[in-house]
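Work through the exercises below with the sequence and the model at hand. Each task is followed by a stepwise solution.

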Amino acid sequence: MLDVAVIGAGVVGASLAWRLSQAGARVKVIERARPAAGTSGATFAWVNASAKSPRDYFELNFAGLQEYQRLVEEFGGAPWYHPGGNLVWVAEGGVPAMQRRVEELRGWGYRAEWLTAREVQRDLEPGLRCPDPATQFVLYPEEVWVDVPLLVGTLLELARSAGAEVIESDPVVAITVAGGQVRGLRLASGAPLTVDAVVNAAGPWADQVAALLGLPLPLAPSAGLVVRAAVSTEPIHRVLHTPVVNVRPDGPGHVLLHHRDADAQLGDRGAVEAGDPLCRMLLERAREVLDGMDGAEVVGAAVGVRPIPADGRSCIGAVPAVGGYYEAVTHSGVTLGPLIGRLLAQEILTGEVESIAAPFRPDRFPRG
Ligand SMILES: Cc1cc2nc3c(=O)[nH]c(=O)nc-3n(C[C@H](O)[C@H](O)[C@H](O)COP(=O)(O)OP(=O)(O)OC[C@H]3O[C@@H](n4cnc5c(N)ncnc54)[C@H](O)[C@@H]3O)c2cc1C
C-alpha cells in the first residue's frame, strides 16, 4: 500500500486526499493552519469553462465542471453544490465580441443562451435593475457555484472514513530525499513522517514547498477581494456577472460580491476590514444592479491569493527531477479541484496520465 502525504487542505488537496484514500492509498493530509484556510476560503467559487482559453485549458475546465456533476451523483446529495447557471450582462459595445465567444463556445459543445434584460427579469431574476430592457445577457446554464469550505470539510470527512489522517496547524518544514526519491517529511512540531510520495497542493505557497526540495516553481500570484453581505430578501438566485460587480448567493440571507476593479485597488494589502471603502464600493455597485440590496450590510471580507503558475496554466503531475514528488497548483482550483483529485490519484497509483491533463505537466518549467 502506497503512503502519500498531501501538503495543503484546500479544495485541491482535499479532493486528492479523498480520491487517493478511496482507491486504497494510506494518506496523510498536512495543513499548516486549518482546512480551507488558504485561497479556498477566499474565493468567488464559480465553476465554469466559459471564461477559459485557449482550447486545451477550456477542455480541462469543461471536464472540471462535468466532474462536479459526477461527484454530485456519486455523493447522492450535495448541500455545497448550487446549480442555476451564470448570467453575464454584456456591456454596451461588448456584444460583437460576446457573439464571437458564444459561437466559439457552442462550437466546442458548451451551452450558452442569449436573453434580453426583460427576459431575465421575467423568467430568472425579478430583482435585476437594468435601465434598458433590451440590454443583452448570456446565460451559461450548466455553470454553478459551490460552498468551498463545506465541500472541503465533506471531502476530508470522506477521506478520514476511508483511513486518511488529517494533521492540522503543523506546517511541513522539510522533505527528505534519498537516492533521488522522496522518503519522508518533517513537520514544524518535529514529527518525522515516512512516505513514498508527496503532493504539493499548497496553493499560493506551493513555490515555498517546492523550494524545500531546491526546485524553482515560478508563480505569478494575484490577490483578490470577496465581500460577504447580509440581505433581508433573496436578491439573486445564481451567479451574476455585470460590468460593475459580480454577485452570487452565499447561503441563506447572504450574497458574495467580487469585481476586478476592487482587486486592482487592493495593492499589497493582505486583509481588508468590513468597513473598508472597497467593500462599500462593491456594495454600492450591487445596489445599482439589484433590488433587495438596499438594507444590505457588509458582514465580512476576505483577501485571497490566486495560485497561478507563471504561464497562467495549471501545473499537475509528477516532477521527474525527484521521484515520488508531485505538484497540483492552479488558478481556477475550485473549478478544477475534483477533476485534479481524480486524475492525479490515478497518476500516482498507476502512472497513467490522461490526455486532457497532458498539456499541463510540471516539467514544462526549468527545474534548475
Ligand atoms: C478573489 C478570488 C476569486 C476566485 N474565484 C474563483 C472562481 O470563481 N472559480 C474558480 O474556480 N477559482 C477561483 N479562484 C481561484 C481558486 O479559489 C483557487 O485556485 C483555489 O482555491 C486553490 O485551491 P488550493 O487547494 O490549490 O489552494 P489553497 O486553498 O490555498 O490551499 C493550500 C493550503 O496549503 C496550506 N499550506 C501552505 N503551505 C503549507 C505547508 N508548508 N505545510 C502545510 N500546509 C501548507 C495552506 O494553509 C492552505 O490551506 C479565485 C481566487 C480568488 C483569490
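The exercises go from overall form to one sheet, one strand and the core.

This is a predicted model, in which local features need pLDDT of at least 70 and side-chain atom pairs count only at pLDDT 80 or more, while totals for chains, interfaces and linings use all residues. Residues are numbered from 1 along each chain as its sequence is written.

**Exercise 1. Describe the overall form of the protein and its division into domains.**

Step 1. The secondary structure comes to nine helices and 20 strands; helices (H or I, at least four residues) and strands (E, at least two) are DSSP runs, numbered from the N terminus.

Step 2. The radius of gyration, taken over C-alpha atoms, is 21 Å, close to the 21 Å from the globule rule for 368 residues, so the protein is as compact as a globular protein of that length. The rule is 2.2 Å times the number of residues to the power 0.38.

Step 3. Along the principal axes, the C-alpha atoms fill a box of roughly 70 × 45 × 40 Å.

Step 4. The domains are domain 1 (3–49 + 148–220 + 310–364), domain 2 (86–141) and domain 3 (222–306), with bounds from an automatic or database domain assignment. The centres of domain 1 and domain 2, taken over C-alpha atoms, are 37 Å apart.

**Exercise 2. Give the strand order of the six-stranded open sheet and find its edges.**

Step 1. The order is β9-β2-β1-β13-β20-β19, with mixed pairing; two strands pair if DSSP finds at least two bridges between them.

Step 2. β9 (165–167) and β19 (315–318) each have a single partner strand, so one side of each has no neighbour in the sheet.

Step 3. From one strand to the next, the twist averages 20°.

Step 4. Two helices lie across this set of strands. Helix α1 (residues 11–22) lies across β1 (3–7), β2 (26–30), β13 (197–200) and β20, at about 165° to β2. Helix α9 (residues 333–350) lies across β1, β13, β19 and β20, at about 20° to β19. Axes are lines fitted to C-alpha atoms, for helices over the stretch in contact, and angles run from 0 to 180 degrees between N-to-C directions.

**Exercise 3. Characterise β20 by its pairing and burial.**

Step 1. On one pairing, β19 and β20 (residues 325–329) are antiparallel over four bridges. Cys315 stands opposite Val329, and Gly317 has Glu327 as its bridge partner.

Step 2. The hairpin of β19 and β20 has six residues between the strands, and Gly324 takes a positive phi near 85°.

Step 3. On the other pairing, β13 and β20 run parallel and are joined by three bridges. Here Asn200 is partnered by Glu327.

Step 4. Tyr325, Glu327 and Val329 point one way and Tyr326 and Ala328 the other, all of them buried. A residue is buried if 20 or more other C-beta atoms, placed from the backbone, lie within 10 Å of its own. Five of the five residues of β20 are buried, so the strand is largely enclosed by the rest of the structure.

**Exercise 4. Which residues have the most contacts inside the largest nonpolar core?**

Step 1. A nonpolar core is a set of buried Ala, Val, Leu, Ile, Met, Phe, Trp, Tyr and Cys residues joined through C-beta atoms within 7 Å. The largest has 114 residues, and Leu16, Ala17 and Val199 have the most contacts inside it.

Step 2. α9 gives the most to this core, with eight residues.

Step 3. Leaving out residues up to four places away in sequence, Leu16 touches Val6, Val199, Ala201, Ala328, Ile340, Gly341, Leu344 and Ala345; contact requires C-beta atoms, placed from the backbone, within 7 Å.

Definitions and conventions:
Buried ≥ 20, exposed ≤ 12 C-beta atoms within 10 Å, placed from the backbone.
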